[in-house]
Amino acid sequence: MHKKYRMSLSLNVLNHLGINLYSNIPAVLSEIVANSWDADAENVQINIHNDEIIIEDDGCGMDSSDINNKFLYIGYQKRKESKKSKKFDRMYMGRKGIGKLSMFSIAREVEVYSRKKLENGEYEVCALKMEIDKISEAINKENEDSNTISEYYPSELDIAGCDIQDTGTKIVLRKLKKLTTSLTGEYIKKRVARRFGIIGDNFNVLVNGEKVKISDRDYFHKLSYIWYFGEESEKYVSSCSSLSFQEKRSDKIEYNGKTYKVSGWIGSVDASGDLKDGEDNLNKIVVLVRGKLGQEDILSEYSEGGLYSKYLIGEINADFFDDDLLEDMATSNRQEYRRDDERYIALKSFVHTELKYIQGKWTELRNESGESKAVELLPVIEDWVTTLQGDDKKYAKKMFGKVNQMIVDDDKKKEVLKYSILAFEKMKYSKNLSAIDQINAENFEVFKELFMGLDEIEETLYYQIIKERMEVIKKFEKIVDDEDALEKVIQLHLFNHLWLLDPSWERVEGSEYMEKQIKNALNVAFEKLTDEEKRGRLDIGYRKSAGKHIVIELKRAKRVVTTEEMVKQVRKYKSAIIKVLTETEGNNFSYEILFVVGKPIDNDDSIEHREEVAELLKVYNGRIVFYKELIENAYRAYQDYIIANQKIQPLVDMFNRLEED
C-alpha cells in the first residue's frame with residue numbers, strides 16, 4: 001500500500017550528534033568501553049599509539065546483520081529487544097544508540113573488525129571502514145539538494161586483517177584530530193577508572209597492557225573522612241588508607257511520595273590542594289548511572305556551600321535515573337541530566353540534606369583534630385600546650401580548630417599558627433581569650449582585626465627583620481678597617497638592601513625591564529667618561545623603592561674622586577635617566593643618584609668642603625654616602641631599636657623556636 005507521508009533521517013544527524021558529540025579522548029573511550037560492557041565482554045584492551053588508538057574486546061561480536069541493523073543504525077535502541085545482556089545479565093548502559101558516533105569527535109577514520117559465533121556454530125567476520133571526509137561529502141550533497149536524503153556506504157576491508165581469536169570487536173581510530181603523544185597510559189587508566197564503577201570482577205579494562213584498578217582513580221588515599229550510603233558502599237572504605245573518620249548514611253531518598261535508592265560516598269581531604277590533579281579539579285561530586293559516569297558534577301549546584309565544600313569529593317550512583325519504563329533524562333550531549341526532571345530534583349534535595357549534615361560534622365572533626373594537625377606542622381606547639389591550664393587550654397583547642405578549617409596550604413597554615421600563638425599569649429595576659437570566639441574561618445576580616453591591635457606581635461615580627469639587618473651590619477663592622485674586604489661585602493649587599501642607604505627604603509620595587517633600560521642608558525653615559533673616571537667605578541645598580549627611581553654607583557674604596565669628576569658624572573647620569581623615564585612614565589617621576597665612596601672628595605674632609613660638594617650635586621638630584629658613615633648610621637639606628645625592645649624577649653624566644661620548627 002502506497003504511503004502518503006514519510007519521515008526520513010538526514011545524514012546531518014550524524015554531523016550534529018556524532019562529529020561534535022564529545023571533545024576529549026577519555027569521554028570517547030568511555031562510550032566504546034560501555035558498548036563492550038553491553039556486549040558481555042570480560043576484557044577490553046585499549047592501546048594508545050602516536051597515530052592511532054585501538055580498542056578490542058572479547059564480547060559477543062557482531063555479524064553483518066548486527067552491523068547494518070544495530071551498529072550502523074543511528075538511534076537503534078537495544079533495550080526494546082531485551083533489558084539485559086544475554087550472557088552476564090548486565091543492565092545495558094547504552095540507550096539511544098548514538099554514543100558510538102562519538103568516535104568521529106576524535107578520529108577522521110574508524111575501522112571496525114568483529115567476529116561472532118552464529119547459531120549453527122560457524123563464525124562470521126566483518127570488517128569495514130568509515131571515513132569522515134566521505135561522510136561530509138554526502139552531507140554537503142544533501143545540503144545542496146533539499147530533496148536528497150543521502151546514504152553513506154562504509155568501505156569493506158579484507159577480513160584477513162581481523163585477528164580476533166574467538167568472538168569480539170576491535171575498533172581502530174585513525175587520523176586522530178588530537179595528537180596522543182601526551183596521553184600516557186597512566187593518564188588514560190586514571191580517566192577510565194573515574195568514569196566507571198563496574199571495573200573489576202568479570203569486567204576488566206587494560207590500557208597498554210596494564211589493568212585498570214579502583215586505586216587508579218588516585219583519590220581514595222587522600223580522603224581523611226568519608227560518608228558512604230548503605231552497606232553496599234562500605235566497600236569503598238577499604239580503599240581509603242588515610243581515614244580518620246567514616247560513617248554510614250541512609251541510601252534511601254524519600255521525595256514526593258516516592259522512594260529511590262542510591263549508593264556511593266562523599267569524602268573530605270585534609271587540604272584543599274589535594275583536590276588539584278594537574279589541570280583537573282577533583283572538588284566535585286560525580287553522578288554515575290548503571291556504573292558509568294553520567295554527569296561530571298552536582299556539587300556545583302549548591303551556591304551556599306561553606307569552606308568545608310572546598311575539601312569535598314564524591315561519587316553518587318543513581319541508577320533510578322535510567323529507568324527503562326520512564327522518559328530518558330539525559331540531555332542531547334549525553335553528558336548531564338535534565339534539571340527539571342523530578343528524579344534529578346529528588347537527588348539534588350537528597351545531596352543538599354547530606355551536605356548540610358556533613359558541614360556540621362566536618363567542622364566538629366576539624367576542630368577536634370586541630371591540635372594534632374598543628375603539632376604535626378610545628379612540633380614545638382606540643383611543648384607550648386603543656387604549659388596551659390584550664391580555660392587557657394580550652395581556648396587554645398578552639399583556636400587550633402579554627403585555623404584547621406582555613407583553606408590554605410600547609411606553609412601558610414604554619415605562618416598563621418605562629419602568629420596565632422603569639423596573639424594567644426597577648427590575649428592571655430590581657431584576659432581577653434574569649435575574643436577567639438569571634439574568629440570565623442570564613443570571615444578573614446574578623447581574624448585580621450583581632451591581630452591588628454597586637455602591638456607586641458608587630459614588634460616581634462619587626463624584631464625578626466631588624467635581627468636579620470643587624471647580622472648584615474655586623475659583617476661590615478668586623479671588617480671596617482679592611483677597605484678591600486669592606487668593598488666586596490658592600491658590593492654584595494648594597495643593591496638588594498637599600499635600607500643601608502635610607503631606612504625608609506623598606507621594599508625594592510620595579511621590574512627587570514626597567515632595570516635593563518636604565519642600566520643600558522647609564523652605560524652609554526659611562527662610555528663618555530675618561531678612562532681615569534671609568535677606573536674609579538666598582539659597580540653600578542638601579543632599583544626602585546617607595547616610588548623613587550634610585551641609581552647607585554659604588555666607587556672603589558681607596559680611590560679619591562674629584563669634585564669635577566663627580567659633577568661631570570652626575571650630569572651625564574641625570575640626562576640618561578630623564579630620557580628613559582620620560583619615555584616610560586611621562587613627566588611624573590622621582591629619582592635620586594647616589595655615589596658611595598670610601599675617601600673624602602678631593603681628599604678634603606672639612607665640613608665646609610663636604611657641604612659645598614653636596615650643594616653642587618643636589619642640583620642634579622645627586623648625593624654622596626661614605627662607606628664608614630653608611631655602616632655607623634645603620635648600626636646606630638637599629639641598635640637603638642634592639643635595646644628599646646628587649647622587654648618582648650620572651651615572645652621573641654618563642655618565635656625563634658617556632659621558626660626553628
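Accessible areas here come from the Shrake-Rupley method with a 1.4 Å probe. By that method, the protein chain has an accessible surface of about 33400 Å². Carbon and sulfur atoms hold 47% of that surface. Keep in mind that this is a predicted model.

**Whole chain.** Start with everything shown. The chain has 661 residues, and 49% of them are buried. Colour by secondary structure to pick out 18 helices and 23 strands. Now think about contacts between residues at least 6 apart in sequence: 72% of these join residues at least 24 apart.

**Stop 1: helix H8.** Select residues 390-404. How far apart are the end C-alpha atoms of this helix? They are 22 Å apart. The 15 residues should span 21 Å at 1.5 Å a residue, so the two values agree. Next, show the buried side of the list: Tyr395, Ala396, Met399, Phe400, Gly401, Lys402, Val403 and Asn404. As background, residues three or four places apart in an α-helix point the same way, because there are 3.6 residues a turn.

**Stop 2: Lys222.** Go to the loop between strand S8 (210-211) and strand S9 (223-229), and select Lys222. Is Lys222 buried or exposed? Lys222 is buried, yet it has no salt bridge. The nearest side chain of opposite charge belongs to Asp218, 5.0 Å away. A salt bridge needs a side-chain nitrogen within 4 Å of a carboxyl oxygen. Turn instead to Asp274: its backbone oxygen lies 2.9 Å from a polar atom of the Lys222 side chain. Add the contacts of Lys222 beyond four places in sequence: Ser268, Val269, Asp270, Asp274 and Lys276.

**Stop 3: two loop residues with positive phi.** Most residues other than glycine have a negative phi. Select Asn256, in the loop between strand S11 (252-255) and strand S12 (258-261). Its phi is near 55°. Asn256 counts as exposed because its relative accessibility is 56%, and the cut-off for exposed is over 50%.

Move on to Arg290, in the loop between strand S16 (285-289) and strand S17 (292-295). Phi of Arg290 is also positive, near 55°. Which way does its accessibility fall, buried or exposed? Arg290 counts as buried, because its relative accessibility is 8%.

**Stop 4: Asn633.** Finish in helix H17, residues 627-644, and select Asn633. With 43% relative accessibility, Asn633 counts as partly exposed. Now add Asp502, which lies 131 residues from Asn633 along the chain. The C-alpha atoms of Asn633 and Asp502 are separated by 9.6 Å.

Technical notes
Residues numbered from 1 in each chain as written. Predicted model: local features only at pLDDT ≥ 70, side-chain atom pairs only at ≥ 80, totals over all residues. Heavy atoms only, no water. Helix = DSSP H or I, 4+ residues; strand = E, 2+ residues; numbered from the N terminus. Buried < 20%, exposed > 50% of the residue type's maximum accessible area, 1.4 Å probe, protein only. Contact = heavy atoms within 4.5 Å. Expected span 1.5 Å × (residues − 1). Lys, Arg positive; Asp, Glu negative; His and termini not counted. Polar contact = N/O pair within 3.5 Å; in protein donor to acceptor, adjacent residues only side chain to side chain.
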